[in-house]
Protein chains: 2
Amino acid sequence: MFRDSRVTSHVCLTARALGADGVVIADQEDKVVESTIRDVTERFGGPFRVTSGEPWRKTIREWKDAGGRIVHLTAYGLPLPGLMPQIQQSRADLLVVVGSEKMPGEIFKTADWNVSVTSQPMSEVAALAVFLDWYHQHDEFDRNFSEARIRIVPSKNGKEIQEVAR
Amino acid sequence: MFRDSRVTSHVCLTARALGADGVVIADQEDKVVESTIRDVTERFGGPFRVTSGEPWRKTIREWKDAGGRIVHLTAYGLPLPGLMPQIQQSRADLLVVVGSEKMPGEIFKTADWNVSVTSQPMSEVAALAVFLDWYHQHDEFDRNFSEARIRIVPSKNGKEIQEVAR
């Protein structure tokens, strides 16, 4: 539910790096972003799914029908620290919905949780990042991606990339 | 040090919401972003400074000359969890540098700390968000902005905005 390909890419890369299993880019098909993200996943590892173009109502209905729950990140919601324990305890598959200011009002009623990462105008990329960091209890720093062809070697002040033997 | 106004806005809004005192948009003057951010600050409160157009080397040199320190957020750096204690203990004024993949290599040597929020291709908006959330020990959820004219009232499933009496 976003319009701008650059920002959509930021959302997708953030989701992948911080431990989501995949992204659904709703309503608008975006083959450019899809192929950017697939390319990153092929080089740096996965698994990570990306699809685009499905109407958002359909995505959400099917998610709920399968027993999943919906988190909607919005500055208007209740603060993250209070809601995080029950979201983690629910143990359901989670669909995290982010978008621009132009989100349809309906989503506020459909979501199981409307969650705010500050009650300030912010970035959905930032909100998603903080949400995932908390939700996964910071395990993105220990995460391994499967079938990576290259990986970045942490470095004090250089750029080091290593090919992964397979 | 970014080129895209939408992403620059995301960086600025994230910086403000998560407790930075201001932003410097280096090299390129961007009056559109400046006025967007000033407008948000006027409505939702501050203080928050925004300037643009100064060459990045000048910004960094003056910052260091004044005793400040530089954090550079990059996927190539050392992981955040290991570096955060010494960054917090330094107690110096901190300039957090974020940018796109096209950052000049020089910045890696100039920075006091090259910090990674995952060693994966990600978003500078996301990296900044996680960095500030950790650096400020999650106090963005208790932060008050001065001289706000309006504020969002956290809500379970609606949009509630309140005018602030002054």
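## Contacts and overall shape

Among contacts in chain A between residues at least 6 apart in sequence, 76% join residues at least 24 apart; contact here means heavy atoms within 4.5 Å. The model is a predicted one, where local features need pLDDT of at least 70, side-chain atom pairs count only at pLDDT 80 or more, and totals for chains, interfaces and linings use all residues. Residues are numbered from 1 along each chain as its sequence is written, chains are lettered from A and ligands numbered from 1 in the order in which they are written, and side-chain values use heavy atoms, with hydrogens and water left out.

Chain A holds six helices and seven strands, taken as DSSP runs numbered from the N terminus (helices are H or I, at least four residues; strands are E, at least two). Following the sequence, you will meet them in the pattern α-β-α-β-α-β-α-β-α-β-α-β-β. With a radius of gyration of 16 Å, close to the 15 Å that the globule rule gives for 166 residues, chain A is as compact as a globular protein of that length. That radius is taken over C-alpha atoms, and the rule is 2.2 Å times the number of residues to the power 0.38. The C-alpha trace of chain A spans about 50 × 35 × 30 Å along its principal axes.

## Surface and burial

About 8200 Å² of accessible surface belongs to chain A, and carbon and sulfur atoms account for 46% of that surface. These areas come from the Shrake-Rupley method with a 1.4 Å probe; for residues, only the protein chains shown count as cover. Of the 166 residues in chain A, 54% are buried, meaning under 20% relative accessible area (exposed is over 50%, partly exposed in between; 1.4 Å probe, protein chains only).

A good residue to zoom in on is Ala15(A), part of helix 1 (residues 5-17) of chain A. Ala15(A) counts as buried, at 4% relative accessibility. Leaving aside residues up to four places away in sequence, Ala15(A) touches Ala20(A), Val23(A), Phe48(A), Leu128(A) and Leu132(A). Ala129(A) is 114 residues from Ala15(A) in sequence, yet their C-alpha atoms are 7.5 Å apart.

## A three-stranded sheet in chain A

Chain A has an open sheet of three strands in the order 4-3-5, with parallel pairing; two strands pair if DSSP finds at least two bridges between them. Strand 4 (94-97) and strand 5 (113-116) of chain A are at the edges, each with a single partner strand, so one side of each lacks a neighbour in the sheet. From one strand to the next, the twist averages 40°.

Strand 3 (residues 69-79) of chain A is joined to strand 4 of chain A by four bridges. Opposite Arg69(A) is Leu94(A), in strand 4 of chain A. Helix 3 (residues 56-65) of chain A lies across both strand 3 and strand 4 of chain A, at about 155° to strand 4 of chain A. Axes are lines fitted to C-alpha atoms, for helices over the stretch in contact, and angles run from 0 to 180 degrees between N-to-C directions.

## A strand pair in chain B

In chain B, strand 1 (residues 22-25) has Val23(B) and Ile25(B) on its covered face, with Gly22(B) and Val24(B) on the uncovered one. Four bridges pair strand 1 of chain B with strand 2 (residues 49-52) of chain B in the parallel sense. Ile25(B) has Ser52(B), in strand 2 of chain B, as its bridge partner.

## How the two chains relate

Chain B superposes on chain A (RMSD 0.0 Å) through a rotation of 180° with 0.0 Å of shift along its axis. This is the relation of a two-fold axis. The C-alpha of Ala126(B) is the one in chain B nearest the axis, 2.4 Å from it. Superposition is by least squares on the C-alpha atoms of residues with pLDDT of at least 70 in both copies. The copies meet through the same surface, because 100% of the interface residues of chain B are also interface residues in chain A.
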